[in-house]
Amino acid sequence: MDVISDQNWLLSLGTFLPLAGVLVMLLIPKREELLHKQVALATALGTLGVGIYTLIQFDYGKAEQLQFYANTEWISVIKSGYTIGLDGISLPLYFLSMVITVLVMIYSWDHIPSPGNPKAFLILMLVLQTGMAGTFIAQDLILFFVFFEVVLLPMYFMIGVWGGEQRQYASLKFFLYTMFGSALMLVAFLALFYQTGRESFAIPYLIERGIEIPETTAVWIFAGMFIGFAVKVPMFPFHTWLPDAHTQAPTQGSVILAAILLKLGTYGFVRIAIPILPQAAVKWAPAIGVLAVIGIIYGSLGCLAQTDMKRLIAFSSVAHMGFVMLGISTLTATGINAALFGMVAHGLITGMLFFCAGSIKERYHTLEIKRLSGLLIQMPKLGWILGFCAMASLGLPGLAGFWGEFPAILAAYQPAPQLSEELFRVLMVIAAVGTVLAAAYLLWLYQRTAFGEPNPEFSNHGHAHAVGAAANDGHHDEIHDVTVFEWIAWTPLLIAIVVLGVYPQLMFKVMDPAVTQLVEVFNK
Amino acid sequence: MIASLVAAAGDFTAPTVDYHALAPEIVLAVGICLVLIVDLFIEERQRWITSTLAGFVLLGALVPVVTLAVIGGDVRNALGGELLDGRYVVDEYALILKALFLIAGYVVVLMSSDEIESGKYHQGEYYVLLLSSVLGMVMMASARDLISIFVALEFLSIPAYMLAAWNKRNSKGNEAGMKYYLLGVFASAILLYGMSLLYGVTGTTLLKDIGPAITANGQFSGVEALAVVFVVVGFAFKVSAVPFHQWAPDVYEGAPTPITAFLSVASKAAGFVALTTMVFLAFPLASDVYQPFMWVLAVTSMTVGNLLALRQTNIVRMLAYSSISQGGFILMPLTVAGEKGVGESVLKAVIVYLVVYAVTNLGAFAVVIAVAKKTRSGEISSFGGLFSYAPALGVLMTVFLASLAGIPPLGGWFAKFGAFKAVLDADTNWGYSIAVIAALNTVIAAAYYVTVMREIWMKPVPDGDVTPIRTPSSIQAALVITCGATVVLGVLPDLVARFGDLADLTGAIGR
């Protein structure tokens, strides 16, 4: 594989810059809360600046090659190197992680969840950013594994300390599930290493040699990686940690989980599992496709049964990631392009939905759908934003969500030549039904919460809700519409949803060369 | 009679001694005398001088270790890197372990100064014994002969028996000292019996001559097998491998916490060093005997240690059982040491694991000491809400526990990874099966480490007392050293791994 090694310091800078901010913040006393927010935001903005510079310097004509490629010795004992690079597949996600971190930092300016302590909260967020960005640039399996795991502890603490009522249960479940998945993933990585001549863990090297692995062995190795990544995605039946984690996590945690962390799993399939073991991918694709479609239907039905808005959005993630996995399982350029687009779109839209949910929770102290109504009257702007996101999430053409779902369904019509056409056409039909269900649960949610008259218990003047909520609502007594910080944090996401919806080519043209190269092996 | 002695002395030619190579031991020996003498002449309220002096002695001994490492192997050998016919060798393997023991000793001194001062008795003696024990360990790293290994072992153990009983007005302290002493002596006896058998069948005490002499007549004799097993059992006591572990939790609980840290890290590491040296030098042809035996020891240690650790409510006992389980992981690579072509990764795995485990566990004990100063309790529940009133200690403990659990990017992950890779390199059914068992154990272990993390971060403060903890500066220094090493070794494990050069250790016998 050809690589471009110009400016090979750039990715390391973008990945590790947040840690510099962490070091500075460690030296500042805890009580200087404003200063902490400033330093954290400045670091995140600086990182985003590096990200924008990366976008500018990226050679879009050679998007299929690894750019800013660096390869230095790291752990010579196990022949693992510090190999990093960025191509059209990873660039959008790498950049997205930086954008989301900045927006979440802005949102945190006046939304530090209970029990406070912005120092620790923001430090964890910066560490998360390093882990996420690092996962997307790693071109060595051990490096990938390390970054993949760096994300684990900060998220565990973010859920467990700043989360909701059942935070301890949710965080432990998240931790154990992920730990179990990554243990199997590591075993699979080691097996790959041994099966390819014990030479290197570098992904480009393994892509060349992986094809030599006998098919039976490859199918087993793929199984290990499948479970590791599927837990993270999460795919049915490994999804049960997700509703709990999402519901209990603080708003910022939910946004990061939805926008980036879930993508680590799908990205793993596209970056590692499929290109290295195409022969096993062909064997596994039908199973992945079936599980993906089960996820779509199961997630949608789950949504219809939810009484909590955040939990509903969490289940909708299961459904949406089902579309992404369906796209991947077709092993075609269209399908994988759709999946990558779907990953970014889901990140933007579901991230936005979680922001809305967080803000509603902050104002009403509840997310119980039954108790919410008349958002459009009480907070017209927030109500419209919620409606906009619901439309985007159900895949309305013209908004970003559409380009993740529609091409994925389309791709299932004509999967890779090695796959059974009949099966995938059946899957296509079922997935299409899933979009109808998506419309149903989102519109139903919107109707119940936004339409109608506001619930009298939340009227601005009578303090009918004082019983349970007064204890912790402090100065948020009044139900107010979108605040300045919320506007700043949300506007970029809303714009991106529209822009990508109107002009999807913006991303497709970046990803397509790399994806085409990736699926070449299936067209022979 | 005197005349005959003089006549004999006339034939005696002094061996050439390379003082540079022996400098770490010499500095320590001089330092021990110095601390002892200074202690006689200072006033009661100046007792802190002894601890400072002990710290400087250990750092002073580290200087020649560094210079020896810097001058490189060729110069070292020319100077006489193999002293006394190769019975005492200063090579890279010895140097990295000497450095480990000296640094571990230094951290223990830092952890002790406050604790022992508050106990108000026998400070001078405490540090003398501690330094003596470290000297034994430093000798162990170089010992390549049955006699020198045994001398080093006793040298490091006997002071440790006394240190374990340091809380002499406490019945648990007495129990600790007595138990440790009786079982330790018992283990020594078994070891010595095994060694005598080895000498009996091979006619030499030099390890590298014992190696080829075993199975010299083509097959294994019963005596040879018995000798190998006895030697391994003797060291299994020292490293508290199941089923020879019963002493460990009681001793760890009864001893002063810094000594617990010392025993669970340095003393244990010394046992592993001796075992590793024996395996590579004396038993290269005896792998049929020691491999299945060690396989059982490793598997039972990691499993039983973990299962018992899960049930502990006392943090020190939990760490004690966790250290038994970690010991199983250190033994794991040794179970395939005899397979063809894996010696290198086995040796590297053991060395990296020892170093990483040492810094991580010492750090965890330093936090325990700091927290116990406030809570006066060893219960895990006393860590509740630590993060809310002592965030630095909370984060540090999290780092150490996460490293012990093997979560990247902290040191522990690479230690575990290296151990896994070594047994997989062997490509045998024994290797694969132990890897699977170890993988399951990693997940079990995560459960009890996470329990403590949850206490620290998510539980309320048990007694509502949220006054900040005043951590003495010496413990702060210990924490900085251990935490720094834990993180750095996780990110750049090559720093240590490159010291495990197999050819350097085994010389001609290397396969």
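In this predicted model, the side chain of Asp145(B) makes a polar contact with the side chain of Arg87(B), at 2.6 Å. A second polar contact, at 2.9 Å, links the side chain of Asp145(B) to that of Thr205(B). As for where this aspartate sits, Asp145(B) belongs to the loop that runs between α6 (123-142) and α7 (146-164) of chain B. Its relative accessible area is just 3%, and because buried means under 20%, Asp145(B) counts as buried. Once neighbours within four places in sequence are set aside, Asp145(B) is in contact with Arg87(B), Thr205(B), Leu206(B) and Leu207(B). Both polar partners, Arg87(B) and Thr205(B), turn up in that contact list.

Helix α7 of chain B also holds Glu154(B). With a relative accessibility of 18%, Glu154(B) falls under the 20% cut-off and so counts as buried. Leaving out residues up to four places away in sequence, Glu154(B) touches Pro159(B) and Ser188(B). The link to Ser188(B) is a polar one: the two side chains make a polar contact at 2.7 Å. Val185(B) gives another way to place this glutamate, since Glu154(B) and Val185(B) are 31 residues apart in sequence and 9.2 Å apart in space, going from C-alpha to C-alpha.

Stepping back to the whole of chain B, there are 22 helices and 2 strands to follow. The C-alpha atoms of chain B fill a box of roughly 75 × 60 × 45 Å along the principal axes. Chain B has a radius of gyration of 22 Å, which agrees with the value near 24 Å that a compact globule of 511 residues would have. Buried residues account for 63% of the 511 in chain B. Looking at contacts in chain B with a separation of 6 or more, 81% come from residues 24 or more positions apart. The accessible surface of chain B is about 18,200 Å², and carbon and sulfur atoms supply 66% of that area. As for charge, chain B carries 28 positive and 34 negative side chains, and the centres of these two sets lie 8 Å apart.

Chain A can be described in a similar way. It has 21 helices and 2 strands. The radius of gyration of chain A is 22 Å, close to the 24 Å that the globule rule gives for 524 residues, so chain A is as compact as a globular protein of that length. Its C-alpha atoms fill a box of roughly 75 × 55 × 40 Å, again along the principal axes. Of the 524 residues in chain A, 65% count as buried. Among contacts in chain A that join residues at least 6 apart in sequence, 79% bring together residues at least 24 apart. The accessible surface of chain A adds up to about 17,400 Å², with 66% of it belonging to carbon and sulfur atoms. Chain A has 25 positive and 32 negative charges, and the mean positions of the two groups are 4 Å apart.

Some loops of chain A show backbone details that are worth a look. The loop between α9 (215-232) and α10 (241-248) contains Pro234(A), and a cis peptide bond joins Val233(A) to this proline, with omega at about -10°. Pro237(A) lies in the loop between α9 and α10 as well. The peptide bond leading from Phe236(A) into Pro237(A) is also cis, and here omega is near 0°.

Positive phi angles turn up in other loops of chain A. Asn117(A) is not a glycine, yet its phi is positive, at about 65°. This asparagine lies in the loop between α3 (90-108) and α4 (118-137) of chain A. Its relative accessible area is 14%, and Asn117(A) is buried. Arg198(A), likewise not a glycine, has a positive phi of about 50°. The loop between α7 (167-195) and α8 (203-209) of chain A is where Arg198(A) is found. At 32% relative accessibility, Arg198(A) counts as partly exposed, whereas Asn117(A) is buried.

Technical notes:
Residues numbered from 1 in each chain as written. Chains lettered and ligands numbered in written order. Predicted model: local features only at pLDDT ≥ 70, side-chain atom pairs only at ≥ 80, totals over all residues. Heavy atoms only, no water. Helix = DSSP H or I, 4+ residues; strand = E, 2+ residues; numbered from the N terminus. Rg over C-alpha atoms; globule rule 2.2 N^0.38 Å. Buried < 20%, exposed > 50% of the residue type's maximum accessible area, 1.4 Å probe, protein only. Contact = heavy atoms within 4.5 Å. Areas by Shrake-Rupley, 256 points an atom, 1.4 Å probe, with all protein chains shown as cover. Lys, Arg positive; Asp, Glu negative; His and termini not counted. Charge placed at Lys NZ, Arg CZ, Asp CG, Glu CD. Polar contact = N/O pair within 3.5 Å; in protein donor to acceptor, adjacent residues only side chain to side chain.
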